[in-house]
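Trainee: I should like to work through this structure with you, one question at a time. May we begin with the terms and then turn to the model itself?

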Amino acid sequence: MMNSKTPTYKLNDEDFRQINRRSLFGFQLGWNYERMQGSGYLYTILPQLRKIYGDGTPELKEMMKTHTQFFNTSNFFNTIITGIDLAVEEKEGIKGEETVAGMKAGLMGSFASIGDSIFAALIPAIFGAIAANMATKGNPIGVFIWILAQVAVMVFRWKQLRVAYNEGVALVTTMSHRLAALTNTATIMGVFMVGALVATMINVKFAWAPNVGSVPLDIQNSLDMILPKLLPALIVAGIYWLLGRKHMTSTRAIFIVLIVSVVLSALGLIAKG
C-alpha cells in the first residue's frame, strides 16, 4: 500500500535551473503520436519527483505513470503547468495526484492555443518581417532584432516556472480546502476541450447518397438536421470503445482508423468534411 505521508523536500534554485534546461532542450525529444509530450513532461521533472517521493517508492512509480499519460500544450507555456504541478506535489504528495491530472488536462488545451498563437505565429511574423525587410536593404541590425526577440522569448520561458510555482504554493497553502473544486473544474474544462476538438478537428462526412426512386438521399444533410457533427462524435465514441478492448493500444487504434478510413473513402462512403 502506498504511503500517503506529506513530502518534506522543497525545491531549490538548482531544481528550477535543471527543469528549465530540460524543458528548453529536451521537452520535445520524446514526442510521439500516442501520448504527444507525455514522456517529455516526465523527463523534465523526473529528478524532482525522485527527490519528492524517493527512489523506487510506490508513490514515485504511480506519479510516473500519471505524468506519461497524454499531454500536449505549447512549448512556450508548458512550464507554467509544470510549476503549478510541482507546487501541488511538493505540498500534497500522492494525495494531489487527481488534482495534478485534472489541472494538466484542463490547462493544456488553453495554453496550447494561446501560446502557439502568440509565440509561434504572431511574434515570428512581426519580428521576422522587420528583420527581413531590413536585411533586404542591407541593414544588419535586422539580424540582431530577430536574435533579441528570440532571447526575450527564452527569458520569458525561463522565468515563468518560478512564478507559476510560487502561485501554486499560494494556492495549495491558503486555499487547500478548495482543491476538490479545482479538481472538478479542471476535469470539466478538460472534457470541454475534448468536445471542442472533436467538433473542430475531425472533418469527415458521409459521401454516399443513394437514390430513393429518382431522388438522391443526402444522408449527411439528414444527420446534420438531427445533430451537427454527429458522425465525428460517433467516430470518437467508436475509438473510445475500441481502446477499451483487451490488447488494444493507441498505436493499433491509429492504424485501424487509417485503414478503415482509406477503405471507406475508396468505396465512396465517406469524404473530407
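Mentor: Helices and strands are here DSSP runs, a helix having at least four residues and a strand at least two, and they are numbered from the N terminus. Please keep in mind throughout that this is a predicted model.

Trainee: With that numbering, which residue follows α10, and what is its phi?

Mentor: Helix α10 covers residues 250-266. The residue that follows this helix is a glycine with a positive phi. It is Gly268, with phi near 80°.

Trainee: Does the length of α10 agree with its residue count, or disagree, and what is the distance between its end C-alpha atoms?

Mentor: Helix α10 has 17 residues, and at 1.5 Å a residue these should span 24 Å. The end C-alpha atoms agree with that expectation, being apart by 24 Å.

Trainee: How many helices and strands does the chain have, and in what order do they run?

Mentor: The chain contains 10 helices and 4 strands. Read from the N terminus, their order is α-α-α-α-α-α-α-β-β-β-α-α-α-β.

Trainee: What share of the residues counts as buried?

Mentor: A residue is buried when its relative accessible area is under 20%. The chain has 273 residues, and the part that meets this criterion is 34%.

Trainee: Which residues of the largest nonpolar core touch the most other members, and which element gives the most to this core?

Mentor: The core has 30 residues, of which Leu11 and Ile81 touch the most other members. Two or more residues come from each of α1, α2 (38-53), α3 (58-67), α4 (78-92), α5 and α6. The element that gives the most, with 6 residues, is α2.

Trainee: Which residues of α1 are buried, and what contact is found at the start of this helix?

Mentor: The buried residues of α1 are Asp15, Phe16, Ile19, Asn20, Ser23 and Gly26. An α-helix has 3.6 residues a turn, so residues three or four places apart point the same way. At the start of α1, a side-chain oxygen of Asn12 lies within 3.1 Å of the backbone nitrogen of Glu14.

Trainee: Which residue pairs with Asp13 in a salt bridge, and how far apart in sequence are the parts that the pair ties together?

Mentor: The side chain of Asp13 meets that of Arg162 in a salt bridge, at 2.3 Å from N to O. Asp13 belongs to helix α1 and Arg162 to helix α6, so the pair ties together parts separated in sequence by 149 residues. Both partners are partly exposed: Asp13 has a relative accessible area of 46%, and Arg162 has 33%.

Trainee: In the salt bridge of Lys51 and Asp15, is Asp15 buried or exposed?

Mentor: The side chains of these two residues meet at 2.8 Å, N to O. Because Lys51 lies in helix α2 and Asp15 in helix α1, the pair joins parts that are 36 residues apart in sequence. Lys51 is partly exposed at 39% relative accessibility, whereas Asp15, at 0%, is buried.

Trainee: How many salt bridges does the structure hold, and which residues do bridges with shared partners join into one network?

Mentor: The structure holds 6 salt bridges. One of them is formed by Arg35 and Glu34, whose closest N and O atoms are 4.0 Å apart. Bridges that share partners join into one network the residues Glu14, Arg17 and Arg21.

Trainee: Which residues other than glycine have a positive phi in the loop between α1 and α2 and in the loop between α8 and α9?

Mentor: Most residues other than glycine have a negative phi. In the loop between α1 and α2, Met36 has a positive phi near 55°, and this residue is buried at 17% relative accessible area. In the loop between α8 (219-226) and α9 (230-243), a positive phi near 65° belongs to Lys229.

Trainee: Which helices each supply at least two residues of the nonpolar surface patch?

Mentor: The patch has an area of about 1000 Å², and its members include Ile114, Phe127, Ile130, Trp146 and Val155. Ile130, for example, is partly exposed with a relative accessible area of 37%. The helices that each supply at least two residues are α5 (97-136) and α6 (141-174).

Notes
Residues numbered from 1 in each chain as written. Predicted model: local features only at pLDDT ≥ 70, side-chain atom pairs only at ≥ 80, totals over all residues. Heavy atoms only, no water. Patch = residues over 30% accessible without salt bridge, like charges linked within 9 Å, V, L, I, M, F, W, Y side chains within 5 Å. Areas by Shrake-Rupley, 256 points an atom, 1.4 Å probe, with all protein chains shown as cover. Buried < 20%, exposed > 50% of the residue type's maximum accessible area, 1.4 Å probe, protein only. Polar contact = N/O pair within 3.5 Å; in protein donor to acceptor, adjacent residues only side chain to side chain. Core = buried A, V, L, I, M, F, W, Y, C linked by side-chain atoms within 4.5 Å. Expected span 1.5 Å × (residues − 1).
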